[in-house]
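Welcome! Take a moment to look over the sequence and the 3D structure shown here, and then we can walk through them together.

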Amino acid sequence: RVLVGNYGCDYRINYTALGDGVNLASRLESANKAFGTVVMVSESTLAGAAGGFDFRRLGRVIVPGKAEVVTVHELLFEHKDPHPGSGMEKCTVDDPMVLYRWQWVRRDLVLRAVGFYEKGIALYSDGDSVGALRWFREALSVLPWDSPSRLLVE
């Protein structure tokens, strides 16, 4: 739950957002740097996206100020651009090219690398770091600049 509005008194007002969701978003924004991602979301945002986007599970992170561990996901791409006039109106889930991390990439390569990454995460979560490493390296063979895979290889 987030509260947004003008807060203060008659002589000093500040338009701001308050709440646990705002704090979590701020922490996830900082966590993007560690993972080398552009947009990271929590489970609640993932649930609210309602199938209009593709995501990959990055893992579980400890967020300062939160009692529980938070599962985080990377936004990969949108199925269709909602901004008329942006030049991407005709992009659909069937298009071969997608805008991913500010560059055009073949959708099938991104999804293939993500599939390898997710196999690695599953093995890593089960305690098989050797098997996981093989899948992370496989992901890097498809997308050499994939930061989350590189992070876990290094």
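The report below goes from the whole chain to a few chosen residues.

**The chain as a whole**

Keep in mind from the start that this is a predicted model. The chain contains five helices and seven strands. Starting at the N terminus, these elements follow one another in the order β-β-α-β-α-β-β-β-β-α-α-α. The chain has 154 residues, and 33% of them count as buried. Its accessible surface amounts to about 9700 Å², with 55% of that belonging to carbon and sulfur atoms. If you take the contacts between residues at least 6 apart in sequence, 42% of them join residues at least 24 apart.

**How confident is the prediction?**

The average pLDDT of the chain is 82, and 83% of the residues reach a score of at least 70. Where is confidence highest, and where is it lowest? Helix H4 (residues 129-142) has the highest mean, at 96, while strand E6 (residues 97-100) has the lowest, at 64. Over residues 88-93, pLDDT stays under 50, and the model has 16 contacts for this stretch beyond four places in sequence.

**A salt-bridge network**

Side chains of opposite charge can pair when their charged atoms come close. This structure holds two salt bridges. Here they are, with the separation of the closest N and O atoms:

| Salt bridge | Closest N and O atoms |
|---|---|
| Arg-56 with Glu-74 | 2.7 Å |
| Arg-56 with Asp-146 | 2.4 Å |

What does the pairing of Arg-56 with Glu-74 tie together? Arg-56 is in strand E4 and Glu-74 is in strand E5, so this salt bridge connects parts of the chain 18 residues apart in sequence. Now turn to the salt bridge of Arg-56 with Asp-146. This pair links distant parts of the chain, as Arg-56 belongs to strand E4 and Asp-146 to the loop between H4 and helix H5 (147-153), 90 residues apart. Through shared partners, the salt bridges join Arg-56, Glu-74 and Asp-146 into one network.

Are these charged residues buried or exposed? Arg-56 has a relative accessible area of 1%, so Arg-56 counts as buried. Glu-74 is also at 1% relative accessibility and therefore counts as buried. Asp-146 is buried as well.

**Two more strand residues**

Leu-58 is another residue of strand E4 (residues 53-61). Leu-58 counts as buried because its relative accessible area is 2%. Setting aside neighbours within four places in sequence, Leu-58 has contacts that include Phe-35, Met-40, Glu-74, Tyr-117 and Pro-148. Met-40 lies 18 residues from Leu-58 along the chain, and their C-alpha atoms are separated by 8.7 Å.

Thr-71 sits in strand E5 (residues 70-78). With 14% relative accessibility, Thr-71 is buried too. Again leaving out neighbours within four places in sequence, Thr-71 touches Val-41, Ser-42, Glu-43, Arg-57, Gly-59 and Arg-60.

**Neighbours in helix H1**

Two residues of helix H1 make a nice contrast. Asn-32 is found in this helix, and so is Lys-33, with H1 covering residues 20-35. Why does Asn-32 count as buried? Its relative accessible area is 8%, and the cut-off for buried is under 20%. Lys-33, by contrast, is at 72% relative accessibility and counts as exposed, since exposed means over 50%.

Beyond four places in sequence, Asn-32 is in contact with Thr-37, Val-38, Val-39 and Met-40. Lys-33 and Ser-147 are 114 residues apart in sequence, yet their C-alpha atoms are 9.9 Å apart in space.

**Helix H3**

Helix H3 (residues 107-125) offers a small check you can follow yourself. With 1.5 Å a residue, its 19 residues should span 27 Å, and the end C-alpha atoms are indeed 27 Å apart, so the two values agree. The buried residues of H3 include Val-110, Phe-116, Tyr-117 and Ile-121. After H3 comes Gly-127, with a positive phi near 90°.

**A patch on the surface**

Finally, look at the outside of the model. Val-2, Val-4 and Tyr-15 make a nonpolar surface patch of about 310 Å². Of these, Val-2 belongs to the segment before strand E1 (3-9). Val-2 has 41% relative accessibility, so Val-2 counts as partly exposed.

Conventions
Residues numbered from 1 in each chain as written. Predicted model: local features only at pLDDT ≥ 70, side-chain atom pairs only at ≥ 80, totals over all residues. Heavy atoms only, no water. Helix = DSSP H or I, 4+ residues; strand = E, 2+ residues; numbered from the N terminus. Buried < 20%, exposed > 50% of the residue type's maximum accessible area, 1.4 Å probe, protein only. Patch = residues over 30% accessible without salt bridge, like charges linked within 9 Å, V, L, I, M, F, W, Y side chains within 5 Å. Areas by Shrake-Rupley, 256 points an atom, 1.4 Å probe, with all protein chains shown as cover. Salt bridge = Lys/Arg side-chain N within 4 Å of Asp/Glu carboxyl O. Expected span 1.5 Å × (residues − 1). pLDDT = per-residue confidence, 0-100. Contact = heavy atoms within 4.5 Å.
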